[in-house]
Amino acid sequence: FIMAAEIESLETLLDKASTALDERETSEIKRILYGTHAKPLKLPEEAVRLAGEGNFELKGYVFTAAKEETRAPRIVRFAVVQNQIVKPTSAPLIEQRDALYDRIKEITHTAWLCGVNVICYQEAWTMPFIFCTREKYPWTEFAESAEDGPTTKLCQEMAKKYNMVIVSPILERDDTHGGILANTAVVISNTGKVIGKSRKNHIPRVGDFNESTYYLEGNTGHKVFQTQFGKIAINICYGRHHPLNWLAYGINGAEIVFNPSATVGALSEPMWPIEARNASIANNYFVACNNRVGTEVYPNEFTSGDGKPAHKDFGHFYGSSYVAAPDGSRTPGLSRVRDGLLVTEADLNLAQQIKDKWCFQMTQRIEMYADELSATTNPDFKPQIVYETSD
């Protein structure tokens, strides 16, 4: 997997392969892979300069919609961030956290220069993704209040300063309910007020993802947050593997669903370009998914429960953040190895236009599935399998 970690991105491989193709063939490959909709977004020179000086990738794309007579365009710029940890995991925890604060402040300022209205950071962005270790201390000291912890206070300051809605996924300490931990995204309005929080609905128990050692499934359901810039929802990481999870956000009216993640190449990379795009198509909303970058090495060895030797790292977090649109198109992904900021401008009217075109909501038969799903929860449930009968 070391070789795979050294690949910059799928896009660099495509560019390399295109040297052997003519212009039409290259165009067709990209049409098949990405659809036809996303166009490059021209970004301010100052933002490009800061990204270069800060050594993070900056990309921008536009999704348009057909002009309507009765509705004005609903143009929104939203962004996702991917980054690696700044300090080694052996550094004091406050130093690790504060270094990430500084990195995110730098990237968020650049997003503001790009006119971003809503920004989403990666899963558990204030810390290394320590859940592989199964060690409680010192790692649980990263946990904090979603309502008034230091990270939320920092994000409130930035949200108000930049007139930007901020989605801040953290490790939450819920002191109201016995001090339990939760994997939580805090949604902060562009006014600086906390609108609410959304917890991770599905918790992995696969490979080194030992998250249930720390917290269990969230209890906040499928909240959709009305902001000045549209209705947004957050489907944290592993929830992207569950189609009904995506469906519920759509039923509740989401227009943009963020999927902040932390996942490694050896486990999930073939799934990554597909799942969020499928969700966007099936539910007719935009999906913005982001994944952290780099290899995080821990002081103590741990095992994966597979008989293989103990190790000190989780594997390579492969970034590759992208945005999918409800018409089946998507942006190219960010790098697999570099920090990055992906800015997307979209006309939210596209979602309703695609709903009217494909009629998925009209034809989805929720009542039929509701009955069948309800039946599966009955202890006496039997699958509807029809067998050939003997005479």
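The following questions and answers concern a predicted model of one protein chain.

Q: What makes up the secondary structure of the chain?
A: The chain has 12 helices and 15 strands.

Q: Why is the chain called as compact as a globular protein of its length?
A: Its radius of gyration is 21 Å, and the globule rule gives 21 Å for 391 residues. The two values are close, so the chain is as compact as a globular protein of that length. Along the principal axes, the C-alpha trace spans about 70 × 60 × 50 Å.

Q: How much of the chain counts as buried, and how much area does the chain expose?
A: Of the 391 residues, 51% count as buried. The exposed area is about 18600 Å², with carbon and sulfur atoms supplying 55% of it.

Q: What share of the contacts joins residues at least 24 apart in sequence?
A: Counting contacts between residues at least 6 apart in sequence, the share is 71%.

Q: How far apart are the mean positions of the positive and negative charges?
A: There are 41 positive and 49 negative charges, and their mean positions are 4 Å apart.

Q: What makes a set of residues a nonpolar core?
A: Its members are buried residues of the nonpolar kinds listed for such a core, joined through side-chain atoms within 4.5 Å. The largest such core here has 31 residues, and Ile119, Tyr121, Leu341 and Val343 have the most contacts inside it. Elements that give two or more residues to this core are α4 (45–54), β2 (57–63), β3 (75–82), α5 (93–113), α6 (150–162), β5 (165–174), β6 (180–188) and β15 (340–347). The most comes from α6, with five residues. Another core, of 29 residues, lies apart from it and includes Phe78, Phe229, Ala288 and Leu334.

Q: Which residues does tyrosine 121 touch, leaving out those up to four places away in sequence?
A: Tyrosine 121 touches Val81, Ile104, Thr108, Cys155, Met158, Ile166, Val167, Ser168, Pro169, Pro260 and Asn290.

Q: Why is cysteine 237 called buried?
A: Buried means under 20% relative accessible area. Cysteine 237 has 4% relative accessibility, so cysteine 237 counts as buried. This residue lies in the loop between β9 and α7. Its phi is near 40 degrees, a positive value in a residue other than glycine.

Q: Why is histidine 241 called partly exposed?
A: Partly exposed lies between the 20% and 50% cut-offs. The relative accessible area of histidine 241 is 25%, so the residue is partly exposed. Histidine 241 is placed in the loop between β9 (230–234) and α7 (243–251).

Q: How far from histidine 241 is glutamate 275, in sequence and in space?
A: They are 34 residues apart in sequence and 7.0 Å apart in space, C-alpha to C-alpha. Histidine 241 touches Glu275 and also Met271, not counting residues up to four places away in sequence.

Q: Why does arginine 365 count as partly exposed?
A: At 42% relative accessibility, arginine 365 falls between the two cut-offs, so arginine 365 counts as partly exposed. Arginine 365 lies in the loop between α11 (360–363) and α12 (366–376). Although not a glycine, arginine 365 has a positive phi of about 60 degrees.

Q: What kind of peptide bond joins tyrosine 137 and proline 138?
A: The bond is cis, with omega about 10 degrees. Proline 138 is found in the loop between β4 (118–120) and α6.

Technical notes. Residues are numbered from 1 along each chain as its sequence is written. This is a predicted model: local features need pLDDT of at least 70, side-chain atom pairs count only at pLDDT 80 or more; totals for chains, interfaces and linings use all residues. Side-chain values use heavy atoms; hydrogens and water are left out. Buried means under 20% relative accessible area, exposed over 50%, partly exposed in between (1.4 Å probe, protein chains only). Helices (H or I, at least four residues) and strands (E, at least two) are DSSP runs, numbered from the N terminus. Contact means heavy atoms within 4.5 Å. The radius of gyration is taken over C-alpha atoms; the globule rule is 2.2 Å times the number of residues to the power 0.38. Accessible areas come from the Shrake-Rupley method with a 1.4 Å probe; for residues, only the protein chains shown count as cover. Lys and Arg count as positive and Asp and Glu as negative; His and the chain ends are not counted. The place of a charge is taken as NZ of Lys, CZ of Arg, CG of Asp or CD of Glu.
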